[in-house]
Amino acid sequence: MLHPDYVSAPATSIVALASTLVREATHAWLETFGFRYSVDRRQRLEAICFKRQLRFDRRAGGENELISELERQPTLDPAYFTSETFRERTLTEIERLGVSRRVVSIIEKCLNQWRRLTGG
């Protein structure tokens, strides 16, 4: 799911949007082959997706900034890929959208309970 602000922003070029779709499609493609997105696989799967995205950007004449950012992805600190870091980035985005931490906390508790009950 793409963020509507990103998709509709005048600063988001067609190539940048297509590039994002390539990365997300790569995630879906990998999942069809049984590569489930889990904490222990996260960094490797993201590396595959970023490589495919970078290859697309180079062929499509993507902006230098975008290509430079993608070239830096393999050098990210492994902590970037931890569940806690993902959680914090998600909380920050949810707060930016106007949802209070208290509401998010309640949702997290419900999700944790759901995961315990369903084994997921």
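Here is a walk through the charged and aromatic side-chain contacts of this structure. The model is predicted, so to speak of local features pLDDT has to be at least 70, and side-chain atom pairs count only at pLDDT 80 or more, while totals for chains, interfaces and linings use all residues. Residues are numbered from 1 along each chain as its sequence is written, and side-chain values use heavy atoms, with hydrogens and water left out.

Let's start with the charges. Side chains of opposite charge can pair when their charged atoms come close. A search of the whole structure turns up 5 salt bridges (a side-chain nitrogen of Lys or Arg within 4 Å of a carboxyl oxygen of Asp or Glu). One of them joins R96 to D5, at 3.3 Å from N to O. R96 lies in helix 5 (residues 83-96) and D5 in helix 1 (residues 4-8), so this pair ties together parts that are 91 residues apart in sequence. Helices here are DSSP runs of H or I with at least four residues, numbered from the N terminus.

R96 has another partner: E93, with the closest N and O atoms 2.9 Å apart. R96 and E93 are 3 residues apart in helix 5, so about one helical turn separates them. Put these contacts together and you get a network of salt bridges linking D5, E93 and R96. As for exposure, D5 has a relative accessible area of 44% and E93 has 27%, so both count as partly exposed (buried is under 20%, exposed over 50%, partly exposed in between, with a 1.4 Å probe and protein chains only).

Elsewhere, R36 forms a salt bridge with E31, and their closest N and O atoms are 3.8 Å apart. R36 is partly exposed at 46%, and E31 is partly exposed at 41%.

Now for the rings. The structure holds 2 aromatic pairs (Phe, Tyr or Trp rings, using the six-membered ring of Trp, with centres within 6.5 Å; planes under 30 degrees apart are stacked, over 60 edge-to-face, the rest tilted). W29 and F33 meet edge-to-face, 5.1 Å centre to centre with 75° between the planes. Y80 and F81 have ring centres 5.1 Å apart and planes at 85°, so they are edge-to-face too. Y80 is partly exposed at 32%, whereas F81 is buried at 7%.

Y80 also has a charge for company: the charged end of R89 sits over its ring, 3.9 Å from the centre (NZ of Lys or CZ of Arg within 6 Å of the ring centre and within 35 degrees of the ring normal). R42 does likewise with F86, its charged end sitting over the ring at 4.1 Å from the centre.

Technical notes: Helix = DSSP H or I, 4+ residues; strand = E, 2+ residues; numbered from the N terminus.
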